[in-house]
Every structure is written in C-alpha cells, then in structure tokens.
Amino acid sequence: VKRMRIGDFVKLANVDGSLISFKEPIELCHNEDAWNVCERGIDVRERSPGTSGPLGQALQKPFYIIYGSHGSESDTIAFRAIALYIANLLYMAGDGYAPICADNDRDCLSGISQSTW
C-alpha cells in the first residue's frame, strides 16, 4: 500500500509504529520508509477506486445474474440458489443490486440490451 485514507471513523491511528492524530479524514502516502500526509492528488497511474481492476469496473455498471435452466429440475434449483447467493452477497456488501433471470425467461431478458454484451 502506498496511499490510504484514514479518519472517517477514528481520530487517532498507529501506522507502522507512528502515532498519528487528526481532526478530519486525511490521506497518507508512503514515501521511502515513512508515512506522511499526501502533498499531491492521486496520480492517474496509481490504484484507486477510479482505477480499480476489471471486477471493480464491472460492478460499477448495472448487470443481471442469469442462471441456467436447461438441465434437470434439481440442477435448475441449484443454479437459481447460487444466483440468489451471489445477488445477496452483492447487496449485503453494499455494492449494488442485480436482477436474477433464468436463461429462458424472455420477459426478464428483454430488459437487457445486447449492445452491452
């Protein structure tokens, strides 16, 4: 980690053995062997919420969870349970909402634009 934001919920932190107190949230940058208050904005080449990886980028756009229904009835029930688990996990993590559709549900799938595939 080269950069971090602290102070949203705490006002005193021990960072790598250095006790840091602050009145409002701050961003710390790691330079050589020490943490200091950042003197510049985020470099576009640095990792940040705006430059998160492919999964983070995928979760920023609306999407559907589609489960298979062409196997046995028990397979379809299992696939739907997995889809529901993923949707609930996404919702509980606070990252968003994803409708669940069976792959043969034309009404549900009609809301999906093929140009986004």
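The protein exposes about 9400 Å² of surface, and carbon and sulfur atoms supply 55% of that area. Please keep in mind that this is a predicted model. Of its 117 residues, 23% count as buried. Below is a friendly tour of the fold, the cores, the surface and the cysteine links.

**Overall fold**

- The protein has 3 helices and 7 strands.
- Reading from the N terminus, the order of elements is β-β-β-β-β-α-β-α-β-α.
- If you take contacts between residues at least 6 apart in sequence, 38% of them join residues at least 24 apart.

**Nonpolar cores**

- The largest nonpolar core has 8 residues in all: I6, A13, V15, I20, F22, I26, L28 and W35. Two strands, β2 (12–15) and β4 (26–31), each supply at least two residues of this core.
- Apart from this core lies another one, of 7 residues, and its members include A87, L90, A98 and A102.
- Which residues does I6 touch, leaving out those up to four places away in sequence? The list is A13, V15, F22, P25, I26 and L28.

**Surface patch and helix α2**

- F79, I82, Y85, I86 and L89 make a nonpolar surface patch of about 520 Å².
- One member of the patch, Y85, is found in helix α2, which covers residues 73–92.
- Is Y85 buried or exposed? Y85 has a relative accessible area of 56%, and because the cut-off for exposed is over 50%, Y85 counts as exposed.

**The loop around N104**

- N104 is found in the loop that runs between β7 (100–102) and α3 (106–109).
- With a relative accessible area of 48%, N104 falls between the 20% and 50% cut-offs, so this residue is partly exposed.
- N104 and Y67 are 37 residues apart in sequence, while their C-alpha atoms are 9.1 Å apart in space.

**Disulfides**

- How many disulfides does the count come to? The count comes to 2. As a reminder, a disulfide is a covalent bond between the sulfur atoms of two cysteines.
- If you number the bonded cysteines in sequence order, the pairing reads 1-2, 3-4.
- C29 and C38 form a disulfide with their sulfur atoms 2.0 Å apart. The link of C29 and C38 is right-handed, with 110° about the S-S bond.
- C29 has a relative accessible area of 9%, and C38 has 16% relative accessibility. Buried means under 20%, so C29 and C38 both count as buried.
- C101 and C108 also form a disulfide, and here the sulfur atoms are 1.7 Å apart. The torsion about the S-S bond of C101 and C108 is about -50°, so this disulfide is left-handed.
- C101 and C108 are both buried.

**Points to take along**

- For the interior, you have the largest nonpolar core of 8 residues, including W35, and another core of 7 residues that lies apart from it.
- For the outside, you have the nonpolar patch of about 520 Å² that includes F79 and L89.
- For the covalent links, you have a right-handed one joining C29 and C38 and a left-handed one joining C101 and C108.

How values were computed
Residues numbered from 1 in each chain as written. Predicted model: local features only at pLDDT ≥ 70, side-chain atom pairs only at ≥ 80, totals over all residues. Heavy atoms only, no water. Helix = DSSP H or I, 4+ residues; strand = E, 2+ residues; numbered from the N terminus. Buried < 20%, exposed > 50% of the residue type's maximum accessible area, 1.4 Å probe, protein only. Contact = heavy atoms within 4.5 Å. Areas by Shrake-Rupley, 256 points an atom, 1.4 Å probe, with all protein chains shown as cover. Core = buried A, V, L, I, M, F, W, Y, C linked by side-chain atoms within 4.5 Å. Patch = residues over 30% accessible without salt bridge, like charges linked within 9 Å, V, L, I, M, F, W, Y side chains within 5 Å. Salt bridge = Lys/Arg side-chain N within 4 Å of Asp/Glu carboxyl O. Disulfide = S-S within 2.5 Å.
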